[in-house]
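Colleague: I'm new to this one and would like a close look at a single part rather than a full tour. Could you pick the spot where two helices meet and walk me through it?

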Amino acid sequence: SATLVNGNDNDPYADDIAKLQNALFNGHPLENGTCIEITLQDLLQIIPKKRRRIDAYRGLVSRLNRMGVTLRINSQKTKRHDSELEKR
């Protein structure tokens, strides 16, 4: 049931999604096809977690995927080889 309903009580991620929308899109709903690239540090400011790791957001990432939204979290610890190519 991938419904884009704001304030859906059955959706444990509704609050997190609202925080993202407010912080990054002036409160506009996330649209299918949106790609959000954000650092872990910035994401922790928007949606604080006790476990300050990327995997703390795994559920949110898959919830957004079902909405057609990609959330890419970059951390200083996750140094991938392809990230060097992106720094043109």
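Modeller: Here is a walk through that helix contact, with some background on the chain before and the core after.

Keep in mind that this is a predicted model. The chain has 4 helices and 2 strands, and from the N terminus the order reads α-β-α-α-β-α. There are 88 residues in the chain, and 30% of them are buried. Sequence distance matters for what comes next: if you take contacts between residues at least 6 apart in sequence, 58% of them join residues at least 24 apart.

The pair to look at is helix α1, residues 14-25, and helix α3, residues 58-66. Their axes come within 10 Å and cross at roughly 75°. Since angles of 65 to 115 degrees count as roughly perpendicular, that crossing makes α1 roughly perpendicular to α3. Who does the touching? On the α1 side you'll find D16, I17 and L20, and on the α3 side L60, R63 and L64. Sorted by class, that contact holds 4 nonpolar and 2 charged residues, with no polar ones.

Now zoom in on D16, which sits in helix α1. Is D16 buried or exposed? Its relative accessibility is 10%, and buried means under 20%, so D16 counts as buried. Leaving out residues up to four places away in sequence, D16 touches I47, K49 and L60. L60, you may remember, is one of the α3 residues in the helix contact.

From there, step into the core. The largest nonpolar core has 17 residues, and L20, L43, Y57, L60, L64 and L71 have the most contacts inside it. L20, L60 and L64 should look familiar, as they also take part in the contact of α1 with α3. Two or more core residues come from each of α1, β1 (35-39), α2 (40-46), α3 and β2 (70-74). Which element gives the largest share? That is α2, with 4 residues.

A good last stop is L71. Again not counting residues up to four places away in sequence, L71 touches I36, I38, L43, L60, V61 and L64. So if you click on L60, you can look one way to D16 and another way to L71.

Finally, zoom back out to the surface: the chain's accessible surface comes to about 6,400 Å², and 47% of that belongs to carbon and sulfur atoms.

Conventions
Residues numbered from 1 in each chain as written. Predicted model: local features only at pLDDT ≥ 70, side-chain atom pairs only at ≥ 80, totals over all residues. Heavy atoms only, no water. Axes fitted to C-alpha atoms, helices over the stretch in contact; angles between N-to-C directions. Parallel < 35°, antiparallel > 145°, perpendicular 65-115°, else oblique. Contact = heavy atoms within 4.5 Å. Nonpolar A, V, L, I, M, F, W, Y, C, P; charged D, E, K, R; others polar. Buried < 20%, exposed > 50% of the residue type's maximum accessible area, 1.4 Å probe, protein only. Areas by Shrake-Rupley, 256 points an atom, 1.4 Å probe, with all protein chains shown as cover. Core = buried A, V, L, I, M, F, W, Y, C linked by side-chain atoms within 4.5 Å.
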